[in-house]
Amino acid sequence: MNRWKRLAPVTAVVASAAMVLTGCGGSGDDEAADNSKLTVWMMGEGSEAQTTFLDGVETEFRQKHPDTDVVVQYIPWLEAPKKFQAALAGGEGPDVTELGNTETQGWAAQEALADVTNRMSGWTEGKDILPDLVKNAQLDGKQYGVPWYAGVRGIYYRTDWFAEAGVKPPTTWDELVAAAKAVQAKKPGTYGIALPGNSELPFYSFLWGTGAEIATQQGDTWKSGYTTPEAQRAVKFWTDLVTVHKVAPPAAAGWNEIDARTQFATGKAAMAFGGSWQQGAIKKDNPEIEKVWGTFPIPGPDGKPAPAFAGGSDVAIWQDSKRQDLAWDYLTVLLSKKNDQAFAESLGFFPVYQDLVSGDKYTNDKIMAPFATAMQNTKLTPLTPKWVEVSRTKTVTQAMNSSVMKGQKTVEKATADAAAEMESILNAK
Amino acid sequence: MTTLTETPETSAARETPARRRRRVDRLPYLLLLPCLVIIGVLLLWPLGQVVAMSFYRLNNVRQLRGDREWPWVGLANYVEILGDPFFRTVLRNTVLFAAANVLLTMVLGTLVGLLLNRLGRKMAAFVASCVMLAWATPALTGTIVWKWIFDDTSGLVTWLFNALPDGLSQSLFGHSDWTGYGWFNSPLLFFSILTLVVVWHSFPFIAVSVLAGLKSVPSELHEAARVDGAGPWKVFWKVTFPLLRPVFGILIVLSTIWDFKVFTQQFVLAGGTQDRPTFMLSIYSYAEAFSPPPKYGLGASIAVILTLILLVVTGLYVRMVLKQEEDA
């Protein structure tokens, strides 16, 4: 007894060392065959809609793979880049992950995501996915992600205030300014339009509305479209809303979309830019607003709705995953037309299948119908992994617009500077 | 002869205690070892890594894992950073901000320290606990509260400015409606608010340290000076300051280091890494290294530059303090 007591620490050390050694030695071989667990990373906080839906997907998936346990982990949107970097650096990542569709190319370039080109071409249902969205998840002609759901930005407005001021939802730029001014005059202390001066995506609708492009590729070089008269017209219109028409406050230069949305939700603004998926958040801030809100597509300068950026999510297979076949099976269950429709709707997004978006499914939904209209005419930001640096790190477009709103630069100077910076990033070797 | 016989004896007599002392001397090092190991693993090794990384082109996470080669680029990262006109803006921001903040923190901290020394026990306890509250608030939490105070619609400051008589506000600032005012729009205003937040966070430490120093100064010295007819200004500069010079030296060094590498407060007030005109070295390094697409090598070289600047500043102060001690 006594001897054992003395030996106990030694035994413990030896045993744990043995465990460590066998654990290290064996794991590599074991994992290749270990299909007992599939790790799935989902963005967001794990709302009730998300968890219920994903439980259903798991049940469906396990009919085919009864021995696989699906482990879903929720990652807040803003945490995702750090979480991805850490996973990539440490080698312990998910098998399947959701990611924002503006980020897919960047992570593909970082070799985080598996090439699913072949799997995609052998998948019948996937052929109906909107081609623009499919292209957005490609890098050098290879497919690195599969579109899951998508949405566009439009403008939310207060129907009651519009009625009081006697204005209708605008269809041209001039009408937009006129409506904003009319409501602001009628409702002192509020803003005509909550403008997210520090966000780029709503602005692109104005840019594309004039026919300008962000950047185009000619051979190997990218050329920014910001120095064209059309682009300058868009920048002038966007910034004039703050500086000349004063239908948004100077602070708007620093607002992002959430700040702007909150202004609308809390009854401080008559209009706000927002995606269809933000209905829930707006209602959460102000449940009463449901009675007095409406939406309309972002107008172009001359009466046609402007093209909109199709934001949303892709699903990808992690390149380091040792269970890629299993992961693909899960992905196709998750993205079946039936599931896609159900989930997209619960989030206020649109499914990515052409046949599910077109048709007249949304015509009777007063909030979704204008977004469905905008979904018919979407555009993409430049397709290069370097775009994320322009968009996120250097925030070229946001800086251009804010500098004009803050009165630091003229439209000509700001657009010229932004074009030069964008080209130097996109054309860097 | 006598000298010959004496010499070995004395040398032996000298040697024995020396040898004994040497044997004893190992103990302190042995005791220091765990601490040194921890410092080595947690500080020196990462520091070495950062320096090493700054000489490579590291644009892919897989390189960190060792899956991909590390292409050696020599000083290219440094050349790129130092040649970028934007770096000059960042450096100017950092130096001016640090200088202003060290000065303000030291002045305010010293004044509060002097005040605490003069107050009665109850009042001193009250003021000290108020001051400590600012210190005890975590940087993140405190800054979020400050951001709310400067909120453009419902912030306290916006409300205060709105409460000013319209005419006064109009004549002073040119407008009377402050709702929706962009408090963080201009870099100068942004830096003023940042300075307010950082000074608010860091002056309590200075105050408490100065107070501790003051408590060690015999009160007779002050009395004697006052009897000789010196006013408070003169007493401070002729008696208190010279006596507390080492304390001030170390406080200035610490403040300089802290204010050079301010990150949390700036990150929160600016809402991330979007507001490039207000970048300072630490947030610049972070943004380059970790914002997609990652540029770890470039970010590391900025961190090294920041470290070198701090080493130079600290070195100067340490030399100054040492020299003063020699002179004294």
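So, Pro287 of chain A: buried or exposed? In this predicted model, Pro287(A) is exposed, because only 12 or fewer other C-beta atoms within 10 Å are allowed for that label and Pro287(A) has 9. As for where to look on your screens, go to the loop between helix H12 (279-285) and strand E11 (293-296) of chain A; that's where Pro287(A) is found. And if you want a partner to put a distance on, take Ala265(A): 22 residues away along the chain, with 9.0 Å between the two C-alpha atoms.

Okay, let's zoom out to the domains. Chain A is split into domain 1, which is 36-151 + 311-357, and domain 2, which is 153-307 + 386-426. How far apart are their C-alpha centres? The answer is 30 Å. Where the two domains touch, domain 1 of chain A puts in 8 residues, and domain 2 of chain A puts in 8 as well. On the domain 1 side of that contact, you've got 5 polar residues, 2 nonpolar and 1 charged.

Now, on to chain B. The contact between the chains takes 26 residues from chain A and 21 residues from chain B. Which elements of chain A give two or more residues to that side? They're helix H3 (80-90), helix H4 (104-109), helix H17 (387-393) and helix H18 (396-405). And the make-up of the chain A side that touches chain B goes like this: 12 nonpolar residues, 9 polar and 5 charged.

Methods: Residues numbered from 1 in each chain as written. Chains lettered and ligands numbered in written order. Predicted model: local features only at pLDDT ≥ 70, side-chain atom pairs only at ≥ 80, totals over all residues. Helix = DSSP H or I, 4+ residues; strand = E, 2+ residues; numbered from the N terminus. Buried ≥ 20, exposed ≤ 12 C-beta atoms within 10 Å, placed from the backbone. Contact = placed C-beta atoms within 7 Å. Nonpolar A, V, L, I, M, F, W, Y, C, P; charged D, E, K, R; others polar. Domains from an automatic or database assignment.
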